[in-house]
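Biologist: I am new to this structure and would be grateful for a close look at a single part of it. Please describe the backbone where its geometry departs from the usual.

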Amino acid sequence: MEALITPLSSPSLSISQTPNLSSFSPLTIHPIFSPKPYKKRNCSTQISKFGNFLDLIPENKSTPIKFDLNWVNPSHKHRYDVIVIGAGPAGLCLAGRVAQQEIRVCVVDPDPLSMWPNNYGSWVDELSSLNLDSCFDKIWPMACVHIDDHKTKYLDRPYGRIDRKILKKKLLGGCVSNGVRFHKAKVWKIDHQEFESLIVCDDGNEFKASLVVDASGFASSFMEYDKPRNYGYQIAHGILAEVEEHPFDLDKMLLMDWRDSHMGNEPSLRVGNSRFPTFLYAMPFDSNLVFLEETSLVSRPVLSYKEVKSRMVARLRHMGIKVNRVIENEKCLIPMGGPLPVIPQPIMGIGGTAGLVHPSTGYTVAKTLTLAPVLAETIIECLGSTRMIRGQPLYHRAWNGLWPLEQRLTREFYRFGMETLLKLDLDGTRNFFDAFFDLDPKYWHGFLSSRLSLMELAMLSLSLFGHSSSSSRLDIVTKCPVPLVKMMGNLVVESI
Ligand SMILES: Cc1cc2nc3c(=O)[nH]c(=O)nc-3n(C[C@H](O)[C@H](O)[C@H](O)COP(=O)(O)OP(=O)(O)OC[C@H]3O[C@@H](n4cnc5c(N)ncnc54)[C@H](O)[C@@H]3O)c2cc1C
């Protein structure tokens, strides 16, 4: 986690260059899922100027997780069946699953026991279907979206904040019970030979394996691409904050607030926001504790971080939210869309490295936790008891198992969604979400959880057009043809 709080200078809209990556019926709150209480402090020395939280120093005290890992013994032969680079959600989930079948797995990460830095949220049904309901520390029975000052959508779909510590411990537990070894280092280099790969770590250790899986997140430099990496970027500034009071309903998480009344006295911010809009995402834990994140859903080039923070300051001030303490802060920068890595290639990927980021929303965790077991099965089939399938046939099976043709085609559709969002201004975006959340829940649920078939996505498009206002239809007709043609081209290329 970076300490990214910097004083603001004159807020003005700016779009920065592509970033260097080497960086969502009245019901009750579920009583068993209340977050651990943060001790409120007498914070007389920490009080911020009204509404401007940027001068508060984030506490960000993250203590390492206490867990007995099986560490690599340096005197042993450094040969494994599978090496997983990275102990994020993707790496740990995959490693534990693969090792279930007596496959020798080693996870290499600079700090396998550190707390994950990101605040993860997910639709509850996504993790429930994976039997991971216990990994939420808070569940909101509903979500809501403010389209503008006059219209709010109430979404009857529970949303939760993932308890990073519980999830990580659960995944570490799976690794440990299945014999996964851990090595604390950064991987510097990978050499691929015909039937095995060699990794070189920054501590000088070298390890060999039949398969190396890159789970090092989207900043990875190990993946090969053969198409321009024309990502859109989600950028956001988030704080877990103790506030004097806030206006949010405690039984609803705020998925998106597209209102812009806070810009009444800030003409320069308003102009920028009208063209490249940002929204507020909020998870209220109690009357004083709330996670707030000002978010640019997708931009290309990426919207400046300073601009995002300026808008957040203006919004919180307008909402009368006085921040007393910043407990955690996060800079969120997620590359979205773009091409898949070359399929197949000698290094396998999972999570952020393997194109699993939802191209239109940035959500990744649930999809990764769903697909890691699928990839694990393929690896087990190849390297299991017989250990016969290695080299090209292994890479081919692993990549095509993770990205079968149908999934590659549907991903093109989600990329089309992102390309369309990139073209929409504030009014267009509002109209889009107004129509989107009016769709039959099976469509908007399915779209956000990337589980629709190509046919269902086509039906969604027709239905969306049907629900759209006349100005939104005009947007679709005038702004979608280019992305549509690109998508059709990509669909043809993928299917050949
Ligand atoms: C701030 C933020 C908030 C997000 N919020 C959400 C959310 O709410 N919901 C959601 O679904 N998605 C969210 N995402 C997107 C995505 O889910 C996360 O980025 C997620 O952490 C990706 O998991 P991963 O395991 O692929 O990679 P990471 O979590 O990035 O883990 C990669 C691991 O690899 C290690 N590593 C890196 N390089 C090397 C190397 N060379 N050698 C060895 N180890 C290495 C890193 O130290 C790290 O431990 C968010 C992303 C960000 C940045």
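Modeller: The loop between α2 (124–128) and β5 (136–140) holds N131. The model is a predicted one, and in it N131 has a positive phi of about 60°, although N131 is not a glycine. Most residues other than glycine have a negative phi, and most peptide bonds are trans. N131 counts as exposed because 8 other C-beta atoms lie within 10 Å, where the limit for an exposed residue is 12 or fewer.

A positive phi is also found at S450, a residue other than glycine, with a value near 40°. S450 belongs to the loop between α10 (441–448) and α11 (454–467). Its surroundings can be described in the same terms: S450 has 23 C-beta neighbours inside 10 Å and therefore counts as buried, the threshold for a buried residue being 20 or more.

The peptide bonds deserve attention as well. R300 and P301 are joined by a cis peptide bond, with omega about -5°. P301 is placed in the loop between β16 (289–299) and α5 (305–319). A cis bond also leads from I343 to P344, and there omega is near -5°. The loop that contains P344 runs between β17 and β18 (347–349).

One of the elements just named has a further role: β17 (323–337) is among the elements that give two or more residues to the shell around the ligand. Domain 1 (31–61 + 231–336) and domain 2 (70–118 + 125–138 + 159–227 + 339–403) both contribute residues to that shell, so the ligand lies between them.

Terms used: Residues are numbered from 1 along each chain as its sequence is written. This is a predicted model: local features need pLDDT of at least 70, side-chain atom pairs count only at pLDDT 80 or more; totals for chains, interfaces and linings use all residues. Helices (H or I, at least four residues) and strands (E, at least two) are DSSP runs, numbered from the N terminus. Domain bounds come from an automatic or database domain assignment.
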